[in-house]
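Grab a coffee and open the viewer. Here are some short exercises to work through with the sequence alongside.

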Amino acid sequence: MHFFVVKKSALYLVGVLALLAIIGSFWMNFNSDATPAISQQKDTIREIHLVTGEFKSSTEDGKEIEAYRWDPGTIFVEKGEKVRLKILGVNGKEHPFIIEGTDIKGIVKKGEETVVPLQFDKEGTYRLICMIHTKAENSGPMIAYIVVD
């Protein structure tokens, strides 16, 4: 028959570690400064920030080329989720846009923030398209993807 001998100091150490773990879990659960990245509440409106960006370069023969982009280029939202896109115009004078498959359209102007309320009832991928930069000949395509799950 084998016996384990546990010293009183080892029991105290285990007790203190358990107490610290309990206090730490309570602190993390009830800390008012902690904000979840995605809220589980259906009535809240999640804000997603985008910016207009520009890439410039030169070819070997000296020709300057550029492309405009939405950044980030892909965003994910839940079906039925209330979202507020806040798009800041950084590069380019203005970017008139549509969201394909919806009636949503607007203009993002340099130095201004355009706010676009969204709520999708159908799953799928919707394209945010700048109407000026639609293809490579127009410094595009300037397209972002809104993926609705």
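Two strands count as paired if DSSP finds at least two bridges between them. Keep that in mind for Phe 97, which stands opposite Gly 106 in β6. One more thing before you start: this is a predicted model.

**Exercise 1. Lay out the five-stranded sheet.**
Work out in which order the five strands of the open sheet run, and which are the edge strands.

*Solution.*
Step 1. Read across the open sheet and you get β3-β9-β8-β5-β6, with mixed pairing.
Step 2. Look for strands that pair on one side only: these edge strands are β3 (74-77) and β6 (105-109).
Step 3. Add the twist, which averages 25° from one strand to the next.
Step 4. Now check some neighbours. β8 (residues 124-130) and β9 (residues 143-148) are antiparallel, with six bridges, and one of the bridge pairs puts Tyr 126 across from Ile 146 in β9. β5 and β8 also run antiparallel, joined by three bridges. Antiparallel again for β5 and β6, this time over five bridges.
Step 5. Finish at the hairpin of β5 and β6: five residues sit between the strands, and Gly 101 has a positive phi near 85°.

**Exercise 2. Do the same for the four-stranded sheet.**
Find the order of the four strands in this open sheet and say how β1 pairs with β2.

*Solution.*
Step 1. The order is β2-β1-β4-β7, and the pairing is mixed.
Step 2. β2 and β7 each pair on one side only, which makes them the edge strands.
Step 3. Ignoring direction, neighbouring strands here are turned by 20° against each other on average.
Step 4. β1 and β2 pair in the antiparallel sense over eight bridges; in one of these pairings, Ser 57 has Ile 65 in β2 as its bridge partner.

**Exercise 3. Place Phe 97.**
Which residues are the partners of Phe 97 in β6 and in β8, and which aromatic ring does Phe 97 pair with?

*Solution.*
Step 1. On the β6 side, the residue opposite Phe 97 is Gly 106.
Step 2. On the β8 side, the bridge partner of Phe 97 is Cys 130.
Step 3. Turn to the rings. The model holds two aromatic pairs. In one of them, Trp 70 and Phe 97 meet edge-to-face, at 6.2 Å centre to centre and with 85° between the planes.
Step 4. Trp 70 belongs to strand β2 and Phe 97 to strand β5, so this pair ties together parts that are 27 residues apart in sequence.
Step 5. Both Trp 70 and Phe 97 are buried.
Step 6. Compare the Phe 120 and Tyr 126 pair: it's tilted, at 4.3 Å centre to centre and 35° between the planes. Phe 120 counts as buried because its relative accessibility is 6%, and Tyr 126 is buried too, at 12%.

**Exercise 4. Find the hubs of the core.**
Which residues touch the most other members of the largest nonpolar core?

*Solution.*
Step 1. The core has 22 residues, and the ones you want are Trp 70, Leu 85 and Ile 146.
Step 2. Now see where the core draws its residues from. The elements giving two or more are β1 (45-58), β2 (64-71), β3, β4 (82-88), β5 (94-99), β7 (113-118), β8 and β9.
Step 3. Zoom in on Leu 85. Leaving out residues up to four places away in sequence, Leu 85 touches Ile 48, Leu 50, Ile 75, Thr 114, Val 115, Val 116, Leu 118 and Ile 146.
Step 4. For background, nonpolar side chains tend to be buried together in soluble globular proteins.

**Exercise 5. Buried or exposed?**
Decide whether His 95 is buried or exposed, then do the same for Ser 9.

*Solution.*
Step 1. His 95 is found in strand β5, and its bridge partner in β6 is Val 108.
Step 2. The cut-off for buried is under 20% relative accessible area. His 95 comes out at 0%, so His 95 is buried.
Step 3. Check the surroundings: beyond four places in sequence, His 95 touches residues including Tyr 68, Trp 70, Cys 130 and Met 142. A polar atom of the His 95 side chain also lies 2.8 Å from the backbone oxygen of Asn 91.
Step 4. Ser 9 lies in helix α1 (residues 8-30). The cut-off for exposed is over 50%, and Ser 9, at 52%, counts as exposed.
Step 5. Last, take a C-alpha to C-alpha distance: Ser 9 and Thr 102 are 68 Å apart in space and 93 residues apart in sequence.

Notes
Residues numbered from 1 in each chain as written. Predicted model: local features only at pLDDT ≥ 70, side-chain atom pairs only at ≥ 80, totals over all residues. Heavy atoms only, no water. Axes fitted to C-alpha atoms, helices over the stretch in contact; angles between N-to-C directions. Core = buried A, V, L, I, M, F, W, Y, C linked by side-chain atoms within 4.5 Å. Buried < 20%, exposed > 50% of the residue type's maximum accessible area, 1.4 Å probe, protein only. Contact = heavy atoms within 4.5 Å. Phe/Tyr/Trp six-rings, centres within 6.5 Å; stacked < 30°, edge-to-face > 60°. Polar contact = N/O pair within 3.5 Å; in protein donor to acceptor, adjacent residues only side chain to side chain.
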